[in-house]
Amino acid sequence: MELKIRKHNETYIIDIQGELDLYHSFKLKELVSKMLEKKITRFIINMEEVEYIDSSGIGALIYVVSTVKKQNHQIVICNIHGSVLKVIELTKLVGYFPMANSIDESIQMIS
């Protein structure tokens with residue numbers, strides 16, 4: 001799994017590429033924790049290039065979203081599709097995760 005960070009005004013977009021699974025999900029948690037230490041308050045997690053997620057990946061997303069929400073910061077997960085969307089639907093987390101269909105929609109939700 002590869003994580004790339006880019007910035008749009010005050011919002012940081014984390015692009016995830018690859019599988020969000022047991023072997024890689026800790027990287028996302030570590031990255032967001034480090035970004036929170038640097039006082040970053042607006043996050044978009046772009047899942048466009050994530051084709052597989054397992055329970056560890058779901059756990060990482062729950063951890064990241066709950067950690068950001070607890071600090072009263074903003075986060076949106078976008079571009080969830082295919083089997084990843086099915087897993088999120090099956091786990092009934094659709095209402096818990098702030099989700100958007102695109103990065104543009106995410107930026108509007110956060111602004």
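This presentation walks through the strands, cores and charged residues of one protein structure. Please keep in mind that the model is predicted.

I shall begin with strand β4, residues 74–78. This strand is mostly covered, with 4 of its 5 residues buried. What joins β4 to β3, residues 42–53? The two strands run parallel, and 5 bridges link them. One pairing to locate on the screen is that of Ile44, whose bridge partner in β4 is Val76. Together with helix α2, residues 55–70, the strands β3 and β4 make a right-handed β-α-β unit.

β4 also pairs with strand β5, residues 99–100. Here 2 bridges join the strands, and they too run parallel. Cys78 stands opposite Ala100 in β5. With helix α3, residues 82–90, the strands β4 and β5 make a right-handed β-α-β unit.

I turn now to the nonpolar interior. How many residues does the largest nonpolar core have? This core has 27 residues, and those with the most contacts inside it are Phe43, Met47 and Leu61. The elements that contribute two or more residues to the core are β2, α1, β3, α2, β4 and α3. To see the surroundings of one such residue, consider Met47. Leaving out residues up to four places away in sequence, Met47 touches Ile16, Leu20, Ile53, Leu61, Ile77, Cys78, Asn79, Ile80, His81 and Val84. Apart from the largest core lies another, of 8 residues, and among them are Ile13, Ile44, Val76 and Ile103. Ile44 and Val76 are the bridge partners that I mentioned in β3 and β4.

Next, a residue in helix α4. Ser106 lies in this helix, which covers residues 103–110. Is Ser106 buried or exposed? Ser106 counts as buried because its relative accessible area is 0%. Beyond its neighbours within four places in sequence, Ser106 is in contact with Ile44, Val76, Cys78 and Ala100. We have therefore met each of these contacts already: Ile44 is paired with Val76, and Cys78 stands opposite Ala100.

The last topic is charge. Side chains of opposite charge can pair when their charged atoms come close. The structure holds 2 salt bridges. In one of them, the side chains of Glu2 and Lys4 meet at 3.9 Å, N to O. Glu2 is partly exposed, at 40% relative accessibility, and Lys4 is likewise partly exposed, at 39%. The other salt bridge links Arg6 with Asp15, whose closest N and O atoms are 2.6 Å apart. Arg6 is partly exposed, at 38% relative accessibility, whereas Asp15 is buried, at 14%.

Asp21 presents another situation. Where is this residue placed? Asp21 sits in the loop between β2, residues 11–20, and α1, residues 25–37. Asp21 is buried yet has no salt bridge. Why is there none? A salt bridge requires a side-chain nitrogen of Lys or Arg within 4 Å of a carboxyl oxygen of Asp or Glu, and the nearest side chain of opposite charge, that of Lys27, is 8.1 Å away, so Asp21 does not qualify. Setting aside residues up to four places away in sequence, Asp21 touches Tyr52, Asp54, Ser56 and Gly57.

To close, I return to two points. β4 is joined to β3 by 5 bridges and to β5 by 2. Asp15 is buried and has a salt bridge with Arg6, while Asp21 is buried and has none.

Note on methods: Residues are numbered from 1 along each chain as its sequence is written. This is a predicted model: local features need pLDDT of at least 70, side-chain atom pairs count only at pLDDT 80 or more; totals for chains, interfaces and linings use all residues. Side-chain values use heavy atoms; hydrogens and water are left out. Buried means under 20% relative accessible area, exposed over 50%, partly exposed in between (1.4 Å probe, protein chains only). Lys and Arg count as positive and Asp and Glu as negative; His and the chain ends are not counted. Contact means heavy atoms within 4.5 Å. A nonpolar core is a set of buried Ala, Val, Leu, Ile, Met, Phe, Trp, Tyr and Cys residues joined through side-chain atoms within 4.5 Å. Two strands pair if DSSP finds at least two bridges between them. A crossover is right-handed if, with the strands pointing away from the viewer, the path from the first strand over the helix to the second runs clockwise.
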